[in-house]
Each structure stands twice: as C-alpha cells, then as structure tokens.
Amino acid sequence: MTSEILENRCFDEISIGDSASITHTLSLDDVQLFAAVSGDLSPTRLDSELDRQIGPGDLGAQSMWLGAQVSGLLGRQLPGPGTVHSGQDLEFLAPLAIGEQVTISITATARDPASRQVRFACLGINGRGETIMTGTARVIAPQLKVRMERPDAAKISIQSHDNFGRFVERCQQLPPVSVAVAHPCDESSLGAALQAKREGLIEPILVAPVARLRAVAEQAGLDLAGVQVEDVPHSHAAAFRAVELVRLGQAAALMKGSLHTDELMAEVVSKTTGLRTERRITHAFLMDVPTYHKPLIVTDAAINIAPDLDTKRDICQNAIDLAHVLGIERPKVAIICAVESINSRMACTTDAASLCKMADRGQISGAILDGPLALDNAISKEAARIKKIDSPVAGDPDIVVVPDLAAGNILAKQLTFMSNADGAGVVLGARVPIILTSRADNRRTKLASCAVAVLMASAAAGQATIKAGT
C-alpha cells in the first residue's frame, strides 16, 4: 500500500485565493471517536443502538467536529506540516446527520508578511448544497519546506460493534416469537427478557414463583404489565414447566433465567420429557470481535466437555445450520488445534482430518471445512501465507470449531475480556433454540442472543410450513 505524502506550502508560496477542501460522509465511528478524544461523552453520541432507534436524521456530529476538519485541512494540506494554528472563529448554522456528506473548504483571504500570518475563510456545505458552517481561521505559515510520509500515529481506527445490530433489525421485521423464560428471578435475566419484548423480538412467558418475580420487578423498577406469567414453586419446577411449554407448542424457544445452566439443560436432555433430537446438543457463541472483519461463531464452549468425533460432527453441523440462518450461504469452518499438521499423538488433529473427509463424503454438509489449523493461521491470512498454507478457510472463517470445552471457553472469554468482543450464546441441536445469557452480558449481547434465537425459530417455523404444504 502506498503511503500518503504530505508536502507543505511556505508563506511565500501562498497567494490570496488559494484553497483546499475535503469531502467526507459522516459515520457513527467519526462521532464516537471525536467524543472519546474531546471528552463529549453524551450517550446519544456513543450508543449505536440509540442511533438505530432515533434514526440517522436525528443523531449527528458535534459542532466542533466540523472545526476539527478545518484544523485537519490547515495542518495536512494548506499550508500543511509546520503550520501553527493561531485562531479560529466559526459559526455553525445547521446540524450534520450521520450518513450525510459534507464538504469543508478553506480559502486564503489575507496575508501578513511581517508575522507570516495567513487568514482563511472557512465554509461547510452538506450534501444538499446547504451551508452549515462559516467562519475564519488564522495560522502562522511554515518557514521551512517539508515533504514527508503521513505519520502512522495519525492513522487511528475505532473498535466498533455493529454486526449484532443487523440481526436485531432483521428480527424486527418478523413477528415476535413466544419464548418460555425459566426462572428470571434476578434483575439481569428479567430485564433482558422484558427488553427483548420492548424491542419486538419476543413474547416472553415468565415461568417463576410469582411473589419472587414481582419482588424483583418492583426492586428493579421493571413493569410486568401485559406479560404472561406461569407460577411455579421453585427453579426446578420452572425448568420443567418451561420445557413443557415448548413440548405443548406454546413456546418456540427457551431462555435461561437466574437458575444454573445445568438445571435447565437436565430438563432439556431428559429422554422422556425433554427436547432432544437425533443431534447432540451443542453450544455456540456468536462473537462480534472489533478486530475481526465479520461475525465469528465459536463452538463448543459450554456443553460438551471432551467431544468425540461423532459429537464434533454434530457440533460442526449445528454451527453450519446456524450460519445458514444468519444468511451465510456457504460458511467457512476452521477446525482448531495447537498445530496445523496431523499428528497421531494429538487426537484433535486426526479428528480434524476426519471431519474434513466427512464433509467430502456428505456426512457434514453446507460448508467448506479445513483443519487442523492453528488459531493464528486460521484467523490470519498472513500467518497462513508464511506457513505456506493454501486454504480458502485460512484467514476468513465464519466458524471456529475448538477441540474441547476448555479451549473454547478460554478462547471466548479471551475475546470478550481482552479483545472487547461481545458473545451471544445459544444452545443448538434441541427441538428449539435455547437462549443463554449471563449477568455479565451487556444489553447489546443479550438482545443479540434473543435475536439469534428468533431467527432460528422463525426459520424452523417456515420449514415446518413448507413441509405441511407438501
């Protein structure tokens, strides 16, 4: 990639009427980054979900973001490196909305040879041709000629989370899905269910001791009006009844409340009253990693402790089916081990090779598999190139299949707590999707977990309709 070359114009090279301009389309990242640097931490400047709710026409740039663009023009183009910005007087006439284009221009209007000071007229025009900013800026022009590469320090990126928003938006075009929520007896789980209802994603059926549920709602300031409640004596009964509501066709998904995961899953896997299918039940995290270029499914990080080959086959197929629901037609699956070569003393490498051959023979379908791959050459095309790995999966997986639960759990938590990722958790392979949320999850992650389950339930309902019609 060619570096940008910056070249200044000394005082004697500047004439009245010389000008420079930039055109830019304002993004939410622009607003967030400027807020972080300037200290303007208004929630409406930083919350992408709020941006989605109130619309891009209402959420826009801080006025001084425009002033910063003037400063950037002066320091980068005219006069350029070595410029001393000595004063600025700007008037902001109209807001600039996210998604709107703006052209900022500066024109030299006066020169003072004694002080090497140059005055510039400043103008901002939006994409509709409306003037949104006018004013003046004063600088001391550089005395020495400078030609340089743009410093790396000036290339700044912002870590953003926007992958989950697309899934929530898709769900809001669908009818709400009935979800049995097992024992939501703390603020975190109850609040998540009620927020998903407010967003139009689900119609929750709260299965819990009514007195305890109402006490939690009152303490947290949550409104239970219009929400269906099933009264049960304790968490064990809540798990049983929530699963029963699915078997009776009254709910199309399950959601874990404040009971332990094992307590709910014991009812799900019951041979007589559970929700088992011919597949092994598995878990997947849908990760939104700021440093990765697309959503990433990590599986299995929560249910199967030391999966054998047949279980890994179901782990792969369940994740592939999830990817299809999310709109990924032919997902790329990286089967992760500590190394990328097959070693008979490392079972995960021979399992990876077997899974790839299963895919060749149709025992796993709908995806491109490759493995074993180490995590570096699975995620990084450059690492794969250095190790001479020629693979359509390396550097671009949609799904990462880990060798065991410990590895998956470590990977998911490392991404969450060291890479600022969000992970929406869902249980796959049962008759309905099961939403797993944690008290540590933020609002975006909880909504995304619900959204994934809604998309899965809606897809299953569509398939059932097609089968009924044939």
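Among contacts in the protein between residues at least 6 apart in sequence, what percentage join residues at least 24 apart? The share is 71%. The model discussed here is predicted.

**Overall dimensions**

The protein contains 15 helices and 18 strands. Along the principal axes, its C-alpha atoms fill a box of roughly 95 × 60 × 40 Å. Of the 470 residues, 48% are buried. The accessible surface amounts to about 22,100 Å², and carbon and sulfur atoms account for 51% of that area. The protein carries 45 positive and 53 negative charges, and the mean positions of these two sets lie 4 Å apart.

**The sheet**

Eleven strands make up an open sheet with mixed pairing, ordered S10-S9-S8-S11-S18-S17-S12-S13-S16-S14-S15. The edges are taken by strand S10 (228-231) and strand S15 (368-373); each has a single partner strand, so one side of each is left without a neighbour in the sheet. From one strand to the next, the twist averages 25 degrees. Strands of a sheet pair through backbone hydrogen bonds, in either a parallel or an antiparallel manner.

At the S10 edge, strand S9 (residues 202-208) runs parallel to S10 and is joined to it by four bridges. Leu 206 has Val 229 in S10 as its bridge partner. At the S15 edge, helix H11 (residues 347-360) lies across strand S14 (332-336) and S15, and H11 runs at about 165 degrees to S15.

**Two buried residues**

The table lists the relative accessible area of two residues.

| Residue | Relative accessible area |
|---|---|
| His 183 | 4% |
| Ile 335 | 4% |

His 183 sits in the loop between strand S8 (177-182) and helix H6 (187-198). His 183 counts as buried because its relative accessible area is 4%, and buried means under 20%. Not counting residues up to four places away in sequence, the residues touched by His 183 include Ser 189, Val 207, Ala 208, Pro 209, Arg 212 and His 234. Also among them are Ser 235, Ala 238, Gly 257, Ser 258 and Leu 259.

Ile 335 belongs to strand S14, and its relative accessibility of 4% makes it buried. Leaving aside neighbours within four places in sequence, Ile 335 is in contact with Ala 352, Leu 355, Cys 356, Leu 369, Asp 370, Gly 371, Pro 372, Leu 373 and Val 401. Leu 369, one of these contacts, is 34 residues from Ile 335 along the chain, and the two C-alpha atoms are separated by 7.4 Å.

How values were computed
Residues are numbered from 1 along each chain as its sequence is written. This is a predicted model: local features need pLDDT of at least 70, side-chain atom pairs count only at pLDDT 80 or more; totals for chains, interfaces and linings use all residues. Side-chain values use heavy atoms; hydrogens and water are left out. Two strands pair if DSSP finds at least two bridges between them. Helices (H or I, at least four residues) and strands (E, at least two) are DSSP runs, numbered from the N terminus. Axes are lines fitted to C-alpha atoms, for helices over the stretch in contact, and angles run from 0 to 180 degrees between N-to-C directions. Contact means heavy atoms within 4.5 Å. Buried means under 20% relative accessible area, exposed over 50%, partly exposed in between (1.4 Å probe, protein chains only). Accessible areas come from the Shrake-Rupley method with a 1.4 Å probe; for residues, only the protein chains shown count as cover. Lys and Arg count as positive and Asp and Glu as negative; His and the chain ends are not counted. The place of a charge is taken as NZ of Lys, CZ of Arg, CG of Asp or CD of Glu.
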